[in-house]
Amino acid sequence: MKKVLFATSALVLSAGFASAEVAVSGDGRMGVIYDGNDAQFSSRARVKFTLTGESDAGLSFGGSFRVDQENFGTTRAASNGTRGAVWVSGTYGKLSMGDTLSASEAAIGDLYEVGYTEGSFADDVEEISYLTGDGADRDQGSNILYEYTINQISLYASATDGSSNSWYADTYGANNTDDDNAYALAAKYSADSWWAALGYAKRGDADEISLAGEGKFNNFSVKGVYVKYSDNYVVEPVFGQSHTSGDEGVVGFDAGVGTNVKLDNTIGLAAAYQMDAIAVKGFYRKDKYKSDADSQSFDSFGIGADYDLGGGAVLAGGIIDTDYLNDTVLDMGIKFKF
Amino acid sequence: MKKVLFATSALVLSAGFASAEVAVSGDGRMGVIYDGNDAQFSSRARVKFTLTGESDAGLSFGGSFRVDQENFGTTRAASNGTRGAVWVSGTYGKLSMGDTLSASEAAIGDLYEVGYTEGSFADDVEEISYLTGDGADRDQGSNILYEYTINQISLYASATDGSSNSWYADTYGANNTDDDNAYALAAKYSADSWWAALGYAKRGDADEISLAGEGKFNNFSVKGVYVKYSDNYVVEPVFGQSHTSGDEGVVGFDAGVGTNVKLDNTIGLAAAYQMDAIAVKGFYRKDKYKSDADSQSFDSFGIGADYDLGGGAVLAGGIIDTDYLNDTVLDMGIKFKF
Amino acid sequence: MKKVLFATSALVLSAGFASAEVAVSGDGRMGVIYDGNDAQFSSRARVKFTLTGESDAGLSFGGSFRVDQENFGTTRAASNGTRGAVWVSGTYGKLSMGDTLSASEAAIGDLYEVGYTEGSFADDVEEISYLTGDGADRDQGSNILYEYTINQISLYASATDGSSNSWYADTYGANNTDDDNAYALAAKYSADSWWAALGYAKRGDADEISLAGEGKFNNFSVKGVYVKYSDNYVVEPVFGQSHTSGDEGVVGFDAGVGTNVKLDNTIGLAAAYQMDAIAVKGFYRKDKYKSDADSQSFDSFGIGADYDLGGGAVLAGGIIDTDYLNDTVLDMGIKFKF
């Protein structure tokens, strides 16, 4: 006996419905990934909950998380603030808490995603390695992000609390090690067809300055991102996230690079062209690492095309060549929105 | 493409809808916890499913669990009866199976929760340590609870099955150790403005007698709970649960207490005052432990205030001082219902 | 504030609703299992999401998974294709990807389930041990299944990709071992009151030929399945799944059987009789194992009755006697659909 959820928000806005709501949406994808050696089937299905409400005085509040963002007892749990987020929003801006973006990432974002797996087939190398937010500090539990927009200017501030997640541990003297407090500040100016943004972040001794802009001209979009780091030590170069989550996609440096390697800067460029149902997208990224002895760069290129089939289905394929994978990888498939 | 779930049960009761339904609701919270040493951000978002149906003969049945209560393969899985519950309900009462309360807890409940984390910021020290139910015997799989109300009297009975969860293991001779069978019985008398209840529980050699009452007079509520245990051995004093789940919040005894420590009794008092949108709540609790050599008491106090913002949002803060944490802890934030 | 999901698909089909939808349904059960030594309570509650959409050109697409099929980071995750499935469907048939059935199992299926736990109380001994699909190759990530029906003939093809799930691992040289590619082909002829099907599957060196038919005559249903394996080595006899998932239900052979044991063939018979609200069902199954030295058979019998209470509730009980459990086990309880 299946229950079908209605799909028009218009009905919900009519009188007689309570203001607090739970919306359920979903996505999926299926296709083939060529990983450099083998072709592999890859599919997924996901469901997302979006919670919204409004207080008597007009304060908006809400939250959201996906089913796969709730693994109780891990650092992947919406029920303890390490995934998903909750927020309040009013005339003084929006304050979010949970697995939030950093101010820099909220203002600037990442390069354009290609392929039906939206970059996952190359471990999301289109994602800029921001120092904090978006996963870098989940061991500290909930992060916060504040956003405020006045006319064409948006301001962002984010922070962690500098303590491990368990708040009883302090007393018992166990499990609660102080952690590097991290914060970020960013500003963005948005005009009709372009925006520019500047961000600053600090995490322990490391800091990050980020500068980016994006323009849309007729059917073209272009985006550029430059990030300069200081004292951002890495064990090995990682991508898609800051060095604090070294468990994803690492490769070795050249022998001459030596020790004390730091990610020094990232240059990223992305471009897209949209024509009716077809979108062609691409990105280029150069990450420069410096050590006491030498330096080494990692280049990544990606190109892909989307074909919108309507009704929530998009045919998509991508090719990414990256020094991180030391290989060229492809994907081709369909992605769905429900 | 988000699906919005309708919010009026009135519509659902009209003709033409099947009787079996799945309702989706949610909650969230965000704020700051001072753990005695550090201020920490703490937030969460959760979604709950409530399943309801009715047979042709008018027997009601249903079930409920939250997304975070489904971690397959653990003792936190609605899909194997260790979280959430299912039930049937008719003229002969309601029978629930799953992660049910004990009879005593169903009749009496806990002290009043304070703070936007509803006591979690002090590890739920407002919860009485009932011998069985509500988590004490999840290793035995599904528990049962029977409730029957006739006029002003409600009767409760609960039990575990005394065997580990895997029902093939017996044959293979592995993983299936007999466990202490636990059961509880309780009765409650409810008048217009007050109730009184008496409960008895047994778990292995330990037993528990509980006595409680609550009264509501104009804007005031008061509640008192007394629990007397026999042979309720604890390794170290724990709270929020019986000694069988020793993995949460334990602290040491004074040196003189020695070995063979038993939780002997708990006295709990709670009071609340409601005025328009504001509620002020507090509790006091004294747990007395006895050993061969000596005895030791643990005192806990809590006080908090809620301010109802309407629409499902409540501003709340609390302070708890407890010998268990050996510290004073605070929380302050907003909690949401969706 | 609970949200109630509407239950009539009729409303959803009317104009004005987007084609992409998320449906939420649920099931539950509660009762007692006698495991041969002890009576144990057993209950569960589950929720399922069904995602459906249609492209502008009329291509149907969708997906489905249950909450308990999403444990991120395991081989039980709809979000990485190891549980649940997504599909596209049009005039050229239906292509599914994820935790799909093999072609043989899609055409033939299993024997009839008995009891309120639908065979779980005896580890699903009514399930035929197909070589591939339905869990046998989840370590390879998403599987595919293609189904096409023309008039009374249905054709099925399924395959795995022969590589472990992580598609970056190839490049890094870790975690990605080549695995046995598995595939299956099947055909089914369906008349009004009966069907017959033939399947072939190969998994590494092992292969499987399956032959089955089912007939419905008035209130009677009968089904027969014969599966012949070659080189299907097993460490110990397992049931409910092929030998690749040796973690469920294994027992020892007679001493004389020796080593190099292969599952040689399975004969299964099932029958059911439906009369108004009552259904009586039963099955018999014989699995023959051969070794270098000898052979040994495992017999399993099951019988059960369902009584439909209406509204989604069914009273059910079953008895299974199987050489695998070396015991007779029973269950009795209620199962629910929401």
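**Notebook: around Ile303(C) and outwards**

I started at Ile303(C) and listed its contacts, leaving aside neighbours within four places in sequence: Val114(C), Lys281(C), Gly282(C), Gly317(C), Gly318(C) and Ile319(C). A reminder to myself before going on: this is a predicted model.

**Entry 1: where Ile303(C) sits**

I found Ile303(C) in strand β17 of chain C. Is it buried or exposed? Neither label fits, because its relative accessibility is 47% and it counts as partly exposed. I also checked the separation from Ala45(C), which lies 258 residues away along the chain: the two C-alpha atoms are 25 Å apart.

**Entry 2: the strands beside it**

Next I followed the pairing in chain C. Strand β17 (residues 295-310) runs antiparallel to β16(C), and 13 bridges join them. Within that pairing I picked out Val280(C), whose bridge partner in β17(C) is Ala305(C). The connection from β16(C) to β17(C) is a hairpin through four residues.

On to the preceding strand. Strand β15 (residues 262-275) of chain C is antiparallel to strand β16 (residues 278-290) of chain C, again with 13 bridges. Here I noted Ala270(C), which stands opposite Phe283(C) in β16(C). How many residues lie between β15(C) and β16(C) in their hairpin? I counted two, and in that turn Asp276(C) has a positive phi of about 50°. A general point I keep in mind when looking at such strands: side chains alternate between the two faces of the sheet in a regular strand.

**Entry 3: salt bridges**

I then turned to charged pairs; the structure holds 42 salt bridges over all chains. I looked up three of them.

In chain B, the side chains of Asp299(B) and Lys286(B) form a salt bridge at 3.1 Å, N to O. The two residues are 13 apart, with Asp299(B) in strand β17 (residues 295-310) and Lys286(B) in strand β16 (residues 278-290) of chain B. Asp299(B) counts as partly exposed because its relative accessibility is 21%. Lys286(B) is also partly exposed, at 28%.

In chain C, I found Asp27(C) and Arg46(C) bridged by their side chains, with 3.1 Å from N to O. Asp27(C) belongs to strand β2 (residues 21-34) and Arg46(C) to strand β3 (residues 39-54) of chain C, so this pair ties together parts 19 residues apart in sequence. Are these two buried or exposed? Both Asp27(C) and Arg46(C) are buried.

The third is Lys335(C) with Glu118(C), a side-chain salt bridge of 3.1 Å, N to O. Lys335(C) is in strand β19 (residues 327-337) of chain C, while Glu118(C) is in the loop between α2 (103-108) and β9 (143-150), so the pair ties together parts 217 residues apart in sequence. Lys335(C) is buried, as its relative accessible area is 14%, whereas Glu118(C) counts as partly exposed at 25%. Over in chain A, Glu118(A), Lys281(A), Asp306(A) and Lys335(A) are joined into one network by salt bridges that share partners.

**Entry 4: chain A as a whole**

I finished with totals for chain A. How many helices and strands does it have? I wrote down three helices and 19 strands. Chain A has 338 residues, and 57% of them count as buried. Its accessible surface comes to about 13,300 Å², with 54% belonging to carbon and sulfur atoms. For contacts with a separation of 6 or more in chain A, 53% come from residues 24 or more positions apart.

Methods: Residues numbered from 1 in each chain as written. Chains lettered and ligands numbered in written order. Predicted model: local features only at pLDDT ≥ 70, side-chain atom pairs only at ≥ 80, totals over all residues. Heavy atoms only, no water. Buried < 20%, exposed > 50% of the residue type's maximum accessible area, 1.4 Å probe, protein only. Contact = heavy atoms within 4.5 Å. Areas by Shrake-Rupley, 256 points an atom, 1.4 Å probe, with all protein chains shown as cover. Salt bridge = Lys/Arg side-chain N within 4 Å of Asp/Glu carboxyl O. Pairing = 2+ DSSP bridges.
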